[in-house]
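Biologist: Could you take me through one part of this model up close? I'd like to look at the second largest pocket, and then at whatever sits around it.

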Amino acid sequence: MSLGNRRAVVDVTGGKIKGKVGSKGRLTHHLGIPYAAPPVGARRWKAPAPVEPWRGTRKCTSYGPGCFQRGAGMSEFFDGVIAGIGLGRARARALATAMKVMRTKESEDCLTINVHAPVGADHDALAPPAAL
(Lines give C-alpha, C1' and ligand atoms only; values in the text may rest on other atoms or scores of the structure.)
Protein backbone atom coordinates (compact mmCIF):
# COMPACT_ATOMS: atom_id res chain seq x y z
CA MET A 1 0.00 0.00 0.00
CA SER A 2 1.25 3.47 -0.84
CA LEU A 3 0.08 6.54 1.03
CA GLY A 4 1.34 9.16 -1.41
CA ASN A 5 -0.81 12.23 -1.75
CA ARG A 6 -3.03 11.20 1.24
CA ARG A 7 -4.48 8.35 -0.83
CA ALA A 8 -4.20 4.60 -0.36
CA VAL A 9 -3.57 2.41 -3.42
CA VAL A 10 -4.28 -1.32 -3.13
CA ASP A 11 -4.38 -4.24 -5.59
CA VAL A 12 -7.69 -6.14 -5.70
CA THR A 13 -9.11 -8.79 -8.02
CA GLY A 14 -10.21 -6.31 -10.72
CA GLY A 15 -7.09 -4.12 -10.64
CA LYS A 16 -5.71 -1.25 -8.58
CA ILE A 17 -7.97 0.93 -6.46
CA LYS A 18 -7.27 4.29 -4.87
CA GLY A 19 -9.01 5.04 -1.59
CA LYS A 20 -8.50 7.84 0.88
CA VAL A 21 -6.97 8.24 4.30
CA GLY A 22 -9.43 9.34 6.98
CA SER A 23 -9.31 12.80 8.53
CA LYS A 24 -7.54 11.51 11.66
CA GLY A 25 -4.94 9.62 9.59
CA ARG A 26 -5.66 6.26 11.23
CA LEU A 27 -7.90 4.51 8.69
CA THR A 28 -7.95 4.05 4.94
CA HIS A 29 -11.36 4.07 3.29
CA HIS A 30 -11.93 2.26 -0.01
CA LEU A 31 -15.52 2.92 -1.03
CA GLY A 32 -17.65 1.56 -3.85
CA ILE A 33 -15.29 -1.29 -4.82
CA PRO A 34 -17.01 -3.52 -7.39
CA TYR A 35 -17.02 -7.17 -6.32
CA ALA A 36 -18.99 -8.60 -9.26
CA ALA A 37 -20.00 -7.63 -12.77
CA PRO A 38 -23.09 -5.39 -12.93
CA PRO A 39 -26.28 -7.53 -13.01
CA VAL A 40 -27.78 -5.69 -15.97
CA GLY A 41 -28.91 -6.70 -19.46
CA ALA A 42 -28.29 -10.40 -20.12
CA ARG A 43 -26.96 -10.82 -16.55
CA ARG A 44 -30.20 -9.69 -14.93
CA TRP A 45 -31.83 -12.32 -12.66
CA LYS A 46 -28.74 -14.55 -12.78
CA ALA A 47 -26.04 -15.35 -10.24
CA PRO A 48 -23.35 -12.66 -10.03
CA ALA A 49 -20.52 -12.94 -12.57
CA PRO A 50 -16.88 -12.20 -11.69
CA VAL A 51 -15.88 -8.56 -11.60
CA GLU A 52 -14.70 -7.19 -14.94
CA PRO A 53 -11.03 -6.11 -14.67
CA TRP A 54 -10.17 -2.47 -15.34
CA ARG A 55 -7.05 -0.71 -16.59
CA GLY A 56 -5.20 1.84 -14.53
CA THR A 57 -6.21 2.78 -11.01
CA ARG A 58 -9.90 3.03 -10.15
CA LYS A 59 -10.92 5.87 -7.83
CA CYS A 60 -12.79 4.37 -4.86
CA THR A 61 -13.40 7.41 -2.68
CA SER A 62 -17.20 7.59 -2.66
CA TYR A 63 -19.92 5.10 -1.85
CA GLY A 64 -21.37 3.05 -4.70
CA PRO A 65 -25.07 3.28 -5.49
CA GLY A 66 -27.54 1.39 -3.36
CA CYS A 67 -29.68 -1.37 -4.79
CA PHE A 68 -33.31 -0.53 -5.51
CA GLN A 69 -35.18 -1.32 -2.29
CA ARG A 70 -37.52 1.38 -1.13
CA GLY A 71 -41.05 1.78 -2.31
CA ALA A 72 -41.95 4.49 -4.77
CA GLY A 73 -42.64 7.87 -3.21
CA MET A 74 -40.77 7.32 0.07
CA SER A 75 -38.61 10.41 -0.39
CA GLU A 76 -41.70 12.53 -1.01
CA PHE A 77 -43.41 10.95 1.98
CA PHE A 78 -40.56 11.87 4.33
CA ASP A 79 -40.36 15.37 2.85
CA GLY A 80 -44.06 15.71 3.70
CA VAL A 81 -43.51 14.39 7.22
CA ILE A 82 -40.69 16.88 7.81
CA ALA A 83 -42.74 19.78 6.45
CA GLY A 84 -46.11 18.78 7.88
CA ILE A 85 -45.71 17.81 11.50
CA GLY A 86 -44.62 21.18 12.80
CA LEU A 87 -41.17 20.27 14.06
CA GLY A 88 -38.87 22.98 15.31
CA ARG A 89 -36.02 23.90 12.95
CA ALA A 90 -33.37 21.93 14.86
CA ARG A 91 -35.49 18.78 14.95
CA ALA A 92 -36.51 19.20 11.31
CA ARG A 93 -32.81 19.50 10.31
CA ALA A 94 -31.95 16.39 12.35
CA LEU A 95 -34.78 14.41 10.75
CA ALA A 96 -33.82 15.66 7.28
CA THR A 97 -30.23 14.55 7.88
CA ALA A 98 -31.38 11.14 9.05
CA MET A 99 -33.54 10.76 5.95
CA LYS A 100 -30.63 11.35 3.54
CA VAL A 101 -30.23 7.60 3.38
CA MET A 102 -33.61 7.54 1.65
CA ARG A 103 -32.23 9.80 -1.07
CA THR A 104 -29.06 7.91 -1.93
CA LYS A 105 -28.34 7.11 -5.55
CA GLU A 106 -29.76 3.75 -6.56
CA SER A 107 -28.88 1.54 -9.51
CA GLU A 108 -29.02 -2.04 -10.69
CA ASP A 109 -25.22 -1.71 -10.87
CA CYS A 110 -24.96 -1.84 -7.06
CA LEU A 111 -22.62 -4.75 -6.37
CA THR A 112 -19.97 -2.78 -4.50
CA ILE A 113 -18.38 -3.05 -1.09
CA ASN A 114 -16.72 -0.56 1.26
CA VAL A 115 -13.54 -1.48 3.13
CA HIS A 116 -12.11 0.45 6.08
CA ALA A 117 -8.68 -0.67 7.34
CA PRO A 118 -5.94 0.69 9.59
CA VAL A 119 -3.32 2.80 7.80
CA GLY A 120 -0.27 0.69 6.99
CA ALA A 121 -2.06 -2.62 7.57
CA ASP A 122 -0.68 -5.71 5.84
CA HIS A 123 -3.75 -6.43 3.73
CA ASP A 124 -2.59 -9.99 2.97
CA ALA A 125 -2.37 -10.80 6.70
CA LEU A 126 -5.74 -9.31 7.67
CA ALA A 127 -8.70 -11.51 8.50
CA PRO A 128 -11.48 -11.62 5.91
CA PRO A 129 -13.86 -8.66 6.14
CA ALA A 130 -16.95 -9.01 8.29
CA ALA A 131 -20.33 -7.89 7.03
CA LEU A 132 -22.12 -5.62 9.47
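Modeller: Sure, let's start inside that pocket. The second largest pocket has a lining of 21 residues, and the ones nearest its centre are Gly32, Pro34, Arg58, Asp109 and Thr112. Keep in mind that this is a predicted model. The space in the second largest pocket comes to about 270 Å³. Which strands supply its lining? Both β4 and β5 give at least two residues each, and β4 has the largest share, with three residues.

Now pick out Arg58, one of the residues nearest the pocket centre. Arg58 lies over the face of Trp54, 5.0 Å from the centre of the ring. So much for a charge over a ring; what about ring against ring? Searching the whole structure for aromatic pairs turns up zero.

Next, follow β4 out of the pocket and into its sheet. The sheet is open, built from three strands in the order β3-β4-β6, with antiparallel pairing. Its edges are β3 (20–21) and β6 (112–118), each of which pairs on one side only. Thr112, which we met among the residues nearest the pocket centre, falls within the range of β6. In the same way, Gly32 and Pro34 from that central group fall within β4, which covers residues 27–34. Between β3 and β4 there are two bridges, antiparallel in sense. If you want a spot to look at there, find Val21, which stands opposite Thr28 of β4. As background, strands of a sheet pair through backbone hydrogen bonds, and they can do so in a parallel or an antiparallel way.

It helps to place those strands along the chain. The protein chain holds two helices and six strands, and reading from the N terminus the elements go β-β-β-β-β-α-α-β. Of the 132 residues in the chain, 25% are buried.

From here, let's turn to the charged pairs. Side chains of opposite charge can pair when their charged atoms come close. How many salt bridges are there in this model? The count is three.

Take Glu108 and Arg44 to begin with, since Glu108 sits next in number to Asp109 from the pocket. Their side chains meet in a salt bridge at 2.7 Å, N to O. Glu108 is in the loop between α2 (89–98) and β6, while Arg44 is in the loop between β4 and β5 (57–59), so this pair ties together parts that lie 64 residues apart in sequence. Buried or exposed? Neither, quite: Glu108 is partly exposed at 32% relative accessibility, and Arg44 is partly exposed too, at 33%.

Arg43 has a salt bridge of its own, with its side chain meeting that of Glu52 at 2.9 Å, N to O. Here Arg43 counts as partly exposed with a relative accessibility of 32%, and Glu52 is partly exposed as well, with 41%.

That leaves Lys16 and Asp11, whose side chains form a salt bridge at 3.0 Å, N to O. Lys16 is partly exposed, at 36% relative accessibility, whereas Asp11 is exposed, with a relative accessible area of 57%. The cut-off for exposed is over 50%, so Asp11 passes it and Lys16 does not.

Note on methods:
Residues numbered from 1 in each chain as written. Predicted model: local features only at pLDDT ≥ 70, side-chain atom pairs only at ≥ 80, totals over all residues. Heavy atoms only, no water. Pairing = 2+ DSSP bridges. Helix = DSSP H or I, 4+ residues; strand = E, 2+ residues; numbered from the N terminus. Salt bridge = Lys/Arg side-chain N within 4 Å of Asp/Glu carboxyl O. Buried < 20%, exposed > 50% of the residue type's maximum accessible area, 1.4 Å probe, protein only. Phe/Tyr/Trp six-rings, centres within 6.5 Å; stacked < 30°, edge-to-face > 60°. Lys NZ or Arg CZ within 6 Å of the ring centre and 35° of its normal. 1 Å grid on protein atoms, 1.4 Å probe; cavity = no way out; pocket = protein on both sides within 12 Å on 5 of 7 lines; lining within 4 Å. Points joined across faces, edges and corners; volume = space filled by probe spheres on them.
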